[in-house]
Amino acid sequence: MPDIALAVLAISVLIVLVALLQPLAARLSLPHSVLIAGLGIAIGSIGSVTGAIGGGGAMSEFAHALTGGEIRSEAILHIFLPILLFEAGLHMDVRRMMDDGATILTLAVVAVLVCSLVVGVALWGASSYGLLLCLLLGAIVATTDPAAVIGIFRDAGAPRRLTILVEGESLLNDAAAITLYIVLVGLLTAGGGGEGHGEADAGGAPLLFLRFFIGGGLFGFIAGRLAFMVMRPLNRFPVAEVAFTLALPYIAYVVAERYLHVSGVVAVVTVALVVGSTGRVRISAEGWEGLEKVWALLGFCASTLIFIFAAMLVPEFLRDATVEDGVLLLVLVAAAFAARAIVLWGMLPLLTWLKVAQPVSTPYRLVILWGGLRGAVTLALALAVSENPLLGPEATHFVVVLATGFVLWTLLINATTLGMVMRSLGLNALSPTELALRDRALHQAREGIAERIEEIAAEQHLAPEVAKEAAEAYRSRLSGLASRPFMLDPKERERMGLMALANRERDLVVEHFDQKLMSRRTTADLLAQVGRLHDAAMTGGRAGYLAAATRNIGFGPSFRLAILLQRYTGWEAPLSSRIADRLEMLKVARMMIEMLKRHAEAEMRRLLGAEVWQSLDAVLTTRLDAVVAAIEAWRLQYPDYERRMSERFLRWAALRLEAAEYDELRNQQFISGEIYEDLQRDVGRLYETLQKRPQLDLGLSTAELVRRLPFFQGLSQERIEQICKLLKPIFAVPGEAIVQAGERGDTMYFISSGAVEIGRGGRKFRLGRGDFFGEMAVLISGRRNATVTAIAFCKLLALTARDLQALASAHPDLRRTITEVARARSGETERTISALGEEEAV
């Protein structure tokens, strides 16, 4: 049999063995990664023994076929590492990571530097090797293994936040450690330290590290965004979308490393985070579903194979180990854990004190300390050191033996006892709140099943007494479960209900996007809003949830940026787009809240009780009222556009119903596959015509706004055209301060539509269509004496002081009218303030 065929057979058998190890690991209550490492060590041992004694046989042939005679570090890093990192980053919850961003960055970046420094100094003092070489070993052992760490923490039932912390650390920490490794290897080889004793100039090392790390992150972000632009034509071809993502991590890795000379690892991680955070709304529903399945399989294969291939090197690495190496290993273990403790108990509390990070409890810190497992990446970097001829045999022996010994320590001691540590700290158990809700759900489910047993017995013509006995046996398991949730404080039940509603809302958003009932942009906005609702309910309960809901229907940074662009550059397109986005988002949000109200009545009432359901219903009603009021405000401003958007949505929904009808006819075999495909193509073409949203005219034509102002009515067309050249249209949103008291005024405003509120001297006045404001400061070239705030959507015309002079020269009657109104308004204001002062004196 040719060697290539034997290698294919060997790898296939290896995958089968890896799959069979999963149930064995569950039966033995051991981490899967430990058994995988054991398998790799066993294969490597067989290969070493048979190679040394010249034996043969199937096992020797199998071991040799796997390695092809030699395992290269470049093969491990270039073939398996991009897949491993991309798959891990693809499923990271970036929003939740951002909540603990400072903590994760400290664990992932700062901890790597601290580990390298502490380990390096400790080994430098305990051995005869140079400091740079010891620092290099510190960087190698700082790499926690993503596959081992994530798998073990998930299997152990760790709390969600703890899992996110260790996932984020293990993912980003590899990027930092490998970047530091590259920098230190460059310094060692440039300095000529063949045995690790050479002294290299390290003055530029920090800048080199930052260039590698930050440069890789920037390139990864740009590559991820460009990838979505390139993938846009593939939206109707799910298989092509998945195939595109298969190439993406390799392109990012190789281009970053070979052509840009920045960190390929950081680039791949960043690309994965970009795709994972926004791909759900940029890739078709079919493509995303296929992507998740394909990458789950690739990640499993890559993580297991890289672990086995790296573990196969362990027997060779430890073959020449000495007692001195054992002593240094103990120093390494102590230093590595001390470095981790310095970060966990020294730096994290400081971040909490500075209020840049959420506090991390002592049990969490203990688990993170004990759960820093090392694995395939550490062994691959050690292998790369052994392949570097510039470092010399003595230096490579030092790095390889200690790195391998440390990996075995974390796998055989830390990994096997991590579950016990978590159990002793109570971190794998449900909280009292979660336990109470679990029992309530269990009660509801079993009660319904007990009733269903009797129905099934009747349908199957079984004896009634048998059905009754089975149902009673089932109900007997419900004793004491029903009341436990109601022992909880109502506020706690309400908080749980709000979090559950946020999760349900997220599912509804995704379902409607998959059914093509909303645009990608609206889906992305709503998913971000739902995330804020969930987090606010978790930390602030009812008040936090309502505050987040208020912020969600407010005007975000992108909307305000669009307003500024229109105001100062006259560019209306961004503002028109954001207004259309907002209207679509509000209409979908109203539909979601109405569905949530029905869900709350049907489910939350059963699980949490009538009192809590009424409270949740009141919260949703408050949200619904605010959304409806916002929609009405837009409808008043742009009634024709709102009608066109409603018509578009109904046509969109009708197409979805039509497509579902064809699916049903195809499932019933009423129409053939050819007819079905033809009908669906017609639906697809109609979908394409609805993809382009109707264009929104902001109605900011200066001439039209001038004609609507009573102030300018009666003027000739020629004079109106002259005035239009001086006036500038401006759009304002409710709550926006158009002018602020105390600032220097150089512009007055005419209200073409909408209303404003003027606040001065503790009094408030309202102006509407046809009025103007801001003239006082312009006429006297002074500072504003009042704050003017929009209380509705306003279309204004702005006139600067310089243009007012031009207007006065050409139209003295208009100047005279403005001056008279200003004097009357000033006198009225002074009289009001004087009267208020007299009342206070009395």
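Trainee: What makes β1 and strand β8 (residues 794-800) count as two strands that pair?

Mentor: Five bridges join β1 to β8, and the two run antiparallel. Two strands pair if DSSP finds at least two bridges between them, so the five bridges here satisfy the definition. One of the contacts in this pairing is the bridge between I730 and L796, the latter being the partner in β8. The strands themselves are DSSP runs (E, at least two residues), just as helices are runs of H or I with at least four residues, and both are numbered from the N terminus. This is a predicted model, in which local features need pLDDT of at least 70 and side-chain atom pairs count only at pLDDT 80 or more, while totals for chains, interfaces and linings use all residues. Residues are numbered from 1 along each chain as its sequence is written, and side-chain values use heavy atoms, with hydrogens and water left out.

Trainee: How do you know which are the edge strands of the open sheet that holds β8?

Mentor: The sheet has four strands in the order β1-β8-β3-β6, with antiparallel pairing. Its edge strands are β1 (728-732) and β6 (772-773), since each pairs on one side only. Strand β3 (residues 747-753) is joined to β8 by six antiparallel bridges, and F750 has L797 as its bridge partner in β8.

Trainee: Why is β8 called largely enclosed by the rest of the structure?

Mentor: Buried means under 20% relative accessible area, exposed over 50%, and partly exposed in between (1.4 Å probe, protein chains only). Six of the seven residues of β8 are buried, so the strand is largely enclosed.

Trainee: What makes one face of strand β7 covered and the other uncovered, and which strands pair with β7?

Mentor: In β7 (residues 787-790), V788 and A790 form the covered face, whereas T787 and T789 form the uncovered one. Strand β2 (residues 737-739) is joined to β7 by two antiparallel bridges, with V788 as the partner of V739. Strand β4 (residues 756-760) also pairs with β7 in the antiparallel sense, over four bridges, and there T789 is the partner of E757.

Trainee: Why is the set of 138 residues called a nonpolar core?

Mentor: A nonpolar core is a set of buried Ala, Val, Leu, Ile, Met, Phe, Trp, Tyr and Cys residues joined through side-chain atoms within 4.5 Å. The largest such set has 138 residues, and F86, L123, L136 and F398 have the most contacts inside it. Helix α9 (residues 160-190) gives the most to this core, with 17 residues. Apart from it lies another core, of 74 residues, including F513, W613, F793 and I818. As for L123, contact means heavy atoms within 4.5 Å; leaving out residues up to four places away in sequence, L123 touches C134, L137, L328, V331, L332, F398 and L402.

Trainee: What makes the two voids of 30 Å³ or more cavities, and which residues line them?

Mentor: On a 1 Å grid over the protein atoms alone, a cavity is a set of points where a 1.4 Å probe fits but cannot get out, and lining residues have an atom within 4 Å of a point. Grid points are joined across faces, edges and corners, and a volume is the space filled by probe spheres set on the points. The largest cavity has a volume of about 70 Å³, and its lining includes L107, A111, E169, N173, R340 and R374. Helix α6 (101-126), α9 and α15 (323-353) each supply at least two lining residues, with α6 giving the most, four residues. The second largest, of about 30 Å³, is lined by I579, L583, W634, Y638, Y641 and L696.

Trainee: How do you know the classes of the residues in each lining?

Mentor: Ala, Val, Leu, Ile, Met, Phe, Trp, Tyr, Cys and Pro count as nonpolar, Asp, Glu, Lys and Arg as charged, and the others, Gly among them, as polar. On that basis the largest cavity has six nonpolar, two polar and three charged lining residues, whereas the second largest has six nonpolar, no polar and no charged ones.

Trainee: Why is H261 called partly exposed, but Q669 exposed?

Mentor: At 46% relative accessibility, H261 counts as partly exposed, while Q669, with a relative accessible area of 60%, is exposed. Most residues other than glycine have a negative phi. H261, in the loop between α11 (238-260) and α12 (264-282), has a positive phi of about 55° although it is not a glycine. Q669, in the loop between α26 (639-667) and α27 (673-691), likewise has a positive phi, of about 60°, without being a glycine.

Conventions
On a 1 Å grid over the protein atoms alone, a cavity is a set of points where a 1.4 Å probe fits but cannot get out, and a pocket is an open set with protein on both sides within 12 Å along at least five of seven lines; lining residues have an atom within 4 Å of a point.
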